[in-house]
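Reader: I would like to learn how to read a few features of a structure from its coordinates. Please take them one by one.

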Amino acid sequence: MEFNCSSPNTIPVVSTFASPFDNSAAANGSSRKPISLWPGMYHSPVTNALWEAKSQIFERLLDPPKDAPPQSELLTKTPSQSRTSILYNFSSDYILREQYRDPWNEVRIGKLLEDLDALAGTISVKHCSDDDSTTRPLLLVTASVDKIVLKKPISVDIDLKIVGSVIWVGRSSIEIQLEVIQSTKENLDVSDSVALTANFIFVARDSKTGKAAPVNRLSPETEHEKLLFDEAERRGSLRKRKRVDRREFENGEINRLEALLAEGRIFCDMPALADRDSILLRDTRLENALICQPQQRNIHGRIFGGFLMHRAFELAFSTAYAFAGLVPCFLEVDHVDFLRPVDVGDFLRLKSCVLYTELENPDQPLINVEVVAHVTRPELRTSEVSNTFYFTFTVRPEAKATKDGFKIRNVVPATEEEARRILERMDAEMLTRGSQ
């Protein structure tokens, strides 16, 4: 399938580095802004392309009118008005291809998560914009991301397209659905070409008061748009159910806790007699830390949510790799809530562990990795959780075939707090699967 980049809503993505072997840009007198002249915000090939395509909207967000009034009248918009797509010309742009290539000749999932967040943010801005330069723009932040499931590997040698639009709005919240599409000559069916679907939820705040602000209404037109709207309503109800179901453990669940802790106590008290096919949860941990820099901020001055997702994915991948002893294969990231903003200068600590494994299917053992992001303020002696991410990996079949006697170990908790985290995560996963 050939992607059409002539549509006004399709934004071509180009590499952010000039090839040392290509002088065509200089020869043609290109006016493309050097990356060094960009504002200090987070940048990537996609954020650059989105910025240049919608510069008027974003420049207004960077420099809002002083003492401007809020939007006086809400508009009614259709999904097609916010629909935007970005095109990666991997087949012809060598430098772009190298920026996205992982060691296995596939697209780096962490960078793709960044791009999904950037495109979702652009779509939310388009929907909320009133095209009036005299009103103050809304502050739009990523509130959560629904489960993202990778349906098939994404090659870095074939052109890629991401298409998205607003599919649902509440009073001050917006849901955007994005589809990552990659087709081959052998597979021209559009439904089979979708490699990944992601749903981002943004909330609107008044940029002056910081309070929740109403957003433009949405009027679905086609039957498909109406179906997506109804499905988003059901997902919202499911999220509310999950919050209600986070209750104290009852008597039956105490027994589940005890069963989980039994093997852990043997590891702690009689390690020589512990099951060799198991490992303590705490022995799977990895951690890294960073100071959040100005170059990682978004147009609102906060740390770009896609950057946090990228860093969390890289740590989760490393955790699964060290645990399995073979190259892991990403399957999905579960619902993510952005609990608090992360600011420039914050000391961010990312802590990961293998929370539990699912070994019922020996052909596809599942490794569930938890990554918790903490915003730490040493001068105040405080540490707050900003995000908790849950990633699921398996092991690449070709890698497993190279290792005789390969086996994924079972993970056991050593403390009641670890056991509770495992049970809460299992119950949430069961509730999600039961609703599908």
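Reader: What should the 20 residues of helix 6 (residues 109–128) span, at 1.5 Å a residue?

Author: Note that this is a predicted model. The expected span of a helix is 1.5 Å times one less than its number of residues. For helix 6 that gives 28 Å, and the end C-alpha atoms are 29 Å apart, which agrees.

Reader: Is helix 6 enclosed by the rest of the structure or not, and how many of its residues are buried?

Author: Buried means under 20% relative accessible area. In helix 6, 20 of the 20 residues are buried, so the helix is largely enclosed by the rest of the structure. Cysteine 128 has a relative accessible area of 7%, so this residue is buried.

Reader: Is cysteine 353 buried or exposed?

Author: Cysteine 353 counts as buried, because its relative accessibility is 2%.

Reader: How many disulfides are there?

Author: A disulfide is a pair of cysteine sulfur atoms within 2.5 Å. By this rule the count is 0.

Reader: How is empty space found, and how many cavities of 30 Å³ or more does the structure hold?

Author: Rolling a probe the size of a water molecule over the atoms shows where empty space is left. Here there is 1 cavity of 30 Å³ or more. The largest cavity has a volume of about 30 Å³.

Reader: Which residues line the largest cavity?

Author: Its lining consists of Glu332, Asp334, Asn368, Tyr390, Phe391, Thr392 and Arg425. By class, 2 are nonpolar, 2 polar and 3 charged. Strand 16 (residues 382–395) supplies the largest share of this lining, 3 residues.

Methods:
Residues are numbered from 1 along each chain as its sequence is written. This is a predicted model: local features need pLDDT of at least 70, side-chain atom pairs count only at pLDDT 80 or more; totals for chains, interfaces and linings use all residues. Side-chain values use heavy atoms; hydrogens and water are left out. On a 1 Å grid over the protein atoms alone, a cavity is a set of points where a 1.4 Å probe fits but cannot get out, and a pocket is an open set with protein on both sides within 12 Å along at least five of seven lines; lining residues have an atom within 4 Å of a point. Grid points are joined across faces, edges and corners, and a volume is the space filled by probe spheres set on the points. Helices (H or I, at least four residues) and strands (E, at least two) are DSSP runs, numbered from the N terminus. Ala, Val, Leu, Ile, Met, Phe, Trp, Tyr, Cys and Pro count as nonpolar, Asp, Glu, Lys and Arg as charged, and the others, Gly among them, as polar. Buried means under 20% relative accessible area, exposed over 50%, partly exposed in between (1.4 Å probe, protein chains only).
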